Amino acid sequence: MQSLHTQETDVFLADNLANDLEQLIEPFKNEKIFVLTDKNTHRHCFPLISRIEGISEERCIITDPGDEYKNTETLISVWQKLVEGGANRHALLINLGGGMPCDLGGFAAATFKRGIAFINIPTTLLAQVDASVGGKTGINFMGYKNEIGSFMQAKHVLVDTTLLKTLDQPNLISGFAEMIKHAYLKNEPLLKRTLNFDILNPDMQELSKLVAESIKIKDEVVTADPFEKNIRKALNLGHTIGHAFESFALKNNQPVLHGYAVAWGMVAELYLAHIKLGFPLKMVEELTAYTKNIFGSFSYTKADFDYLYETMTHDKKNQAGRINFTLLKAVGDIAINTHCEVHEVHEALSFYLEN
Ligand SMILES: NC(=O)c1ccc[n+]([C@@H]2O[C@H](COP(=O)([O-])OP(=O)(O)OC[C@H]3O[C@@H](n4cnc5c(N)ncnc54)[C@H](O)[C@@H]3O)[C@@H](O)[C@H]2O)c1
Ligand SMILES: O=C(O)C(=O)C[C@@H](O)[C@H](O)[C@H](O)COP(=O)(O)O
Ligand SMILES: [Zn+2]
């Protein structure tokens, strides 16, 4: 397996998932090992690791799939299974799934007996390039995204892009949104390559290369600022408005995939970047057309602006009663902590609606 190891994260690209995992769990051979999956990843992915010594069906913790279940009830059920299974402080939790099991399992591990080790094996594109890396763990609460959580680094992250074979197209596209976000943070050549990549008919070899580059971008930022005091806020591009869209959709019992919300949020936020910082309008229009084509459109009306804005007042980047955005002056030229007034946010929401 190839290591992308840096100071903060310990990410490996798998050559052979079962063999590589066997090596990584060697130090836990005398401890109890639990595997957290959702129902889909239990069916599609667990069989690939089920025969490894120390891993057993009886120590599987299986949740319902989807972000609606990244909540307190599911979290309690994970803690319960750990207690019932006799987990002690030296137990290991393997999160085998997308961002939902990685976030939830990471938080369960961070809090169980004040912290047990966990390994992430991300099974969605989104989790491979983003959610499994960097130590943000948590759950949604009272309608707000990741309202409860902690920073706790996985012991290791083991990425195997062959796991994506069973992933459906909407979830593949969803993960691609975070790769587009990373490309906007990096530079124009990568952005061009990413937007030109045919995610609807993906060449998996080429995608694997882009995945490795995308992980490195996230890893560099996290290593520079693991606790999001500063530059890590860059990784939140598209999320202030994107999370508000996600919460709004969840409230209306019509949940949307996280990456879709981020893509729509990036359109509105890059428009904000245009009016605040002179980000080129032509590039905002390009992303608008691209997003409409790949992700479709998010629907709301002017009557929803107050709800959306109120949700943004819960964003974790806010300080001193001000909503702070991560915006761009140009591709790769990042402006964190950019305060925007309510009328500017409304203008961005209107731009999205009208385009
Ligand atoms: N911690 C972070 O840094 C971070 C970063 C980005 C996103 N997130 C969070 O991640 C979550 C979204 O993650 P996600 O998009 O991976 O969602 P997810 O984990 O809900 O997975 C999406 C769907 O794909 C299914 N699935 C997963 N792997 C599969 C496979 N290999 N084959 C077939 N089906 C499979 C799942 O069962 C689920 O139905 C959100 O909660 C978001 O807030 C966290
Ligand atoms: O790792 C980070 O930092 C990110 O912001 C990555 C985001 O893609 C991710 O959605 C994260 O969960 C958002 O966190 P939050 O702090 O805005 O809830
Ligand atoms: Zn995200």
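Let's start in the middle of things, with strand E3: both of its faces are covered, with Ile33, Val35 and Thr37 buried on one side and Phe34, Leu36 and Asp38 buried on the other. Keep in mind that this is a predicted model. The split into two sets fits a general pattern. In a regular strand the side chains alternate between the two faces of the sheet. With six of its six residues buried, E3 is largely enclosed by the rest of the structure. Buried here means that 20 or more other C-beta atoms lie within 10 Å of the residue's own.

So what does E3 sit next to? On the E5 side, E3 (residues 33-38) runs parallel to E5 (residues 92-97), and four bridges join the two. If you want to find the register, look for Leu36, which stands opposite Asn95 in E5, and for Val35, whose bridge partner in E5 is Ile94. E4 also pairs with E3 in the parallel sense, again over four bridges, and there Val35 faces Cys60. To get from E3 to E4, follow the chain through helix H2 (residues 39-44); E3, H2 and E4 together make a right-handed β-α-β unit.

Now zoom out to the whole sheet. Seven strands form an open sheet in the order E1-E2-E9-E6-E5-E3-E4, with mixed pairing. Strands E1 (2-3) and E4 (60-63) are at the edges with a single partner strand each, so one side of each has no neighbour in the sheet. Two helices pack on this sheet. Helix H1 (residues 17-24) touches strands E2 (11-13), E6 (117-122) and E9 (156-159), and its direction makes about 170° with that of E9. Helix H4 (residues 99-111) touches E3, E4, E5 and E6, with its direction at about 165° to that of E5.

E9 is worth a stop too. Both of its faces are covered: His156 and Leu158 are buried on one side, Val157 and Val159 on the other. E2 runs parallel to E9 and is joined to it by three bridges, with Leu13 partnered by Val159. E6 is also parallel to E9, this time through two bridges, and Ile119 has His156 as its bridge partner there.

Finally, a word on annotation. An unreviewed UniProt entry lists residues 63-172 as "domain: 3-dehydroquinate synthase N-terminal". Over residues 63-172, the chain is 34% helix and 28% strand, and the end C-alpha atoms are 21 Å apart.

Notes. Residues are numbered from 1 along each chain as its sequence is written. Chains are lettered from A and ligands numbered from 1 in the order in which they are written. This is a predicted model: local features need pLDDT of at least 70, side-chain atom pairs count only at pLDDT 80 or more; totals for chains, interfaces and linings use all residues. Two strands pair if DSSP finds at least two bridges between them. Two residues are in contact if their C-beta atoms, placed from the backbone, lie within 7 Å. Axes are lines fitted to C-alpha atoms, for helices over the stretch in contact, and angles run from 0 to 180 degrees between N-to-C directions. A residue is buried if 20 or more other C-beta atoms lie within 10 Å of its own, exposed if 12 or fewer, and partly exposed in between; C-beta atoms are placed from the backbone. A crossover is right-handed if, with the strands pointing away from the viewer, the path from the first strand over the helix to the second runs clockwise. UniProt positions are given in the numbering used here, feature names are shortened, and annotations may be inferred rather than shown by experiment.
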